[in-house]
Protein chains: 2
Amino acid sequence: MRLEPDDLRDLALGAAFLGTGGGGDPYIGRLMVEQAMREGHTVDIIDLGSVPDDALVIPTAMMGAPTLIVEKLPSGEETIASLRKLEAYLGRKAYATMPIKVGGINSTMPLVVGARLGLPVVDADGMGRAFPELQMETFAVYGVPGAPMVMSNEYGDSALIETADNKMLEWLARGVTIRMGGTSFIAEYAMDGATAKRTSVPGTLSLAILIGACMRRTRREHADPFAALLALLPKTPYAFGKIIFKGKIADLFRETTQGFAKGRVRIAGLDGWNGTMEIDIQNENLVARHDGEIKAIVPDLICVLDSETAEPITTEMLRYGQRVTVMGVAVPPIMRTPEALAVFGPGGFGIDAPFTPIETLG
Amino acid sequence: MRLEPDDLRDLALGAAFLGTGGGGDPYIGRLMVEQAMREGHTVDIIDLGSVPDDALVIPTAMMGAPTLIVEKLPSGEETIASLRKLEAYLGRKAYATMPIKVGGINSTMPLVVGARLGLPVVDADGMGRAFPELQMETFAVYGVPGAPMVMSNEYGDSALIETADNKMLEWLARGVTIRMGGTSFIAEYAMDGATAKRTSVPGTLSLAILIGACMRRTRREHADPFAALLALLPKTPYAFGKIIFKGKIADLFRETTQGFAKGRVRIAGLDGWNGTMEIDIQNENLVARHDGEIKAIVPDLICVLDSETAEPITTEMLRYGQRVTVMGVAVPPIMRTPEALAVFGPGGFGIDAPFTPIETLG
């Protein structure tokens, strides 16, 4: 499928929804792809199933704290440099690129690479949402080594990292990212088509477009975007969603530390919702508690949406006094296996609570 | 010249002298080379002048805070891995390896590589002493790019860094070194023979052996090692030396911060020396002040020696109450040009004083 400018707008909106507060503002990535389109480039999204088993897929992304990404607009050439260096190291050309993270700006970074290099972009990713660390990818969960990985910055500096340990990869790459100024542009988890089919969350780019289109349509028709979203989800692999709170932001704590944006937001109930919801943040919304009781927990999605427009609000855009609606969404089964939960379940973030599917939470 | 075990002992002693308190204890490196020799390997030191102009020289070293190096004995395979990966990247085999730093343990690290791979080791280096940062090399001063650089640790993790900026190289590599646990093993400043001849401090490995042999001979003959050293120096490119203080260590402050061992030592005069000498340390001894008046300043050598044996004392081995003799030594002209002083003169360490040659200091 060839991406149209309208799809791109929908994708950015849906990717922000799947970002669950993190992953950076896809708006910036959208501007980068639109620029490439204006220069005559096209973006082709291909089905995961259509990738030949022996074809090389090189996922691309940016790495860093979302609060910094907002301040520093990348050109796209940094990510291309990383992909080219990884190709040179592997001695093979990429058949396609792919997002590692559909949530947030990293849904669009591979589109910039795909547009400028004429590479198709696989409709799948390695997170099915946004997570703050490189090893928190289904690729890693199901045995794909993240290294060799190449990271570049806007000055042409680069690092190619090799390690057998995906957590060490995250640790070293995070260190380089911090020293590159807080963001870097990466190519990692190179794999063949067969491996991509086994380890990716499929169809997430088109899902993001669907979600964004649903929001845009209801907005145009002055319909209820929340009801429309809740009706859409059961037709997708993210088969369950519900509103878990409505209220006004009453308190907000955020800091950028060790390359992560950490914090907590407190929402006071409105519109018939009593009490308080507290959401813990590490780049993304990780756990939502209503008067102390867990209502949704990672890896399920916790989406903080503008109560008026249903527009997703990234954690760096949260402001005191905003009226928000919090939606919880079930993630697909590939993200809820014991192996997956061991990496990006609550314990992966130091949260002392078991994962409980949102369908079963009161 | 084929290195004999006796040469190795002398080299370790002389390299500690040239380390001016830093560069790590060469004793550890000596043990590593001796182990290789026991396994039947040999080490050949070759003259800088004998290297063909178009031959590839790849310097090797370890990177990190000397206080950490003491705690963690490397195997040598880490450095070999870095050299091999740099060769693979460049698509060329090395003709020889070379120290980047004759002062301290890095005089011996290339010998381990040379022994185990059967590569000759060039009798020259890029510092003529020890310095704490990668860009503080005559190679860099005279225009050689440090990158591509490969760094490895004992777990097989590695990073290949590319940048046009040698200070950025230091910044990124230091970050990776810290995240690798405080030390890494590196190959960098790959260059051809012609460039090595233009930018190296020549003859420094054999100079270290000469200095060590001088100390060992005087010790055996119960002669005065200080007088012997002061008589030897004028026959070398380090043509001037003098005793600038004698005393007892009265106070000592050290901390490992940002990957560097920083500190200050205060010595109370003895044996006819009055007042106090204070020496500022950043891995190496940087500036020596006698009652506030500068007596020697970087890049000239400030060697803190045991008053009894003339044994060099590395900054991490300084102890309260030690009786020490401080010797200042002039470095060769290639290390005192305006270009060289701009990089590793006093200003390079944030010292607000001009470089003054030790010959002209009172």
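This passage describes how the parts of a two-chain predicted model meet, starting between the chains and ending inside chain A. Because the model is predicted, local features need pLDDT of at least 70 and side-chain atom pairs count only at pLDDT 80 or more, while totals for chains, interfaces and linings use all residues. Residues are numbered from 1 along each chain as its sequence is written, and chains are lettered from A and ligands numbered from 1 in the order in which they are written.

The contact between the chains takes 16 residues from chain A and 16 residues from chain B, two residues being in contact if their C-beta atoms, placed from the backbone, lie within 7 Å. On the chain A side, β6 (158–162) and α7 (166–179) each supply at least two residues; helices (H or I, at least four residues) and strands (E, at least two) are DSSP runs, numbered from the N terminus. The largest share, seven residues, comes from α7(A). By class, this side of chain A has nine nonpolar, four polar and three charged residues. Here Ala, Val, Leu, Ile, Met, Phe, Trp, Tyr, Cys and Pro count as nonpolar, Asp, Glu, Lys and Arg as charged, and the others, Gly among them, as polar.

Strand β6(A) runs antiparallel to β6 (residues 158–162) of chain B, and five bridges join them; strands pair if DSSP finds at least two bridges between them. Ala159(A), for one, has Ile161(B) as its bridge partner.

How are the two copies related? A turn of 180 degrees and a shift of 0.0 Å along the axis lay chain A on chain B with an RMSD of 0.0 Å, which means that the relation is that of a two-fold axis. The superposition is by least squares on the C-alpha atoms of residues with pLDDT of at least 70 in both copies. In chain A, the C-alpha of Leu160(A) is nearest the axis, at 2.4 Å. Both copies use the same surface, since 100% of the contact residues of chain A recur in chain B.

Within chain A, an automatic or database assignment gives domain 1 (5–202) and domain 2 (226–360). Their C-alpha centres lie 24 Å apart, and their contact takes 28 residues from domain 1 and 27 residues from domain 2.

Finally, the axes of α1(A) and helix α9 (residues 204–220) of chain A come within 6 Å and cross at roughly 100 degrees. Axes are lines fitted to C-alpha atoms, for helices over the stretch in contact, and angles run from 0 to 180 degrees between N-to-C directions. The two helices are therefore roughly perpendicular, a term for angles of 65 to 115 degrees.

How values were computed: Angles under 35 degrees count as roughly parallel, over 145 as roughly antiparallel, 65 to 115 as roughly perpendicular and the rest as oblique.
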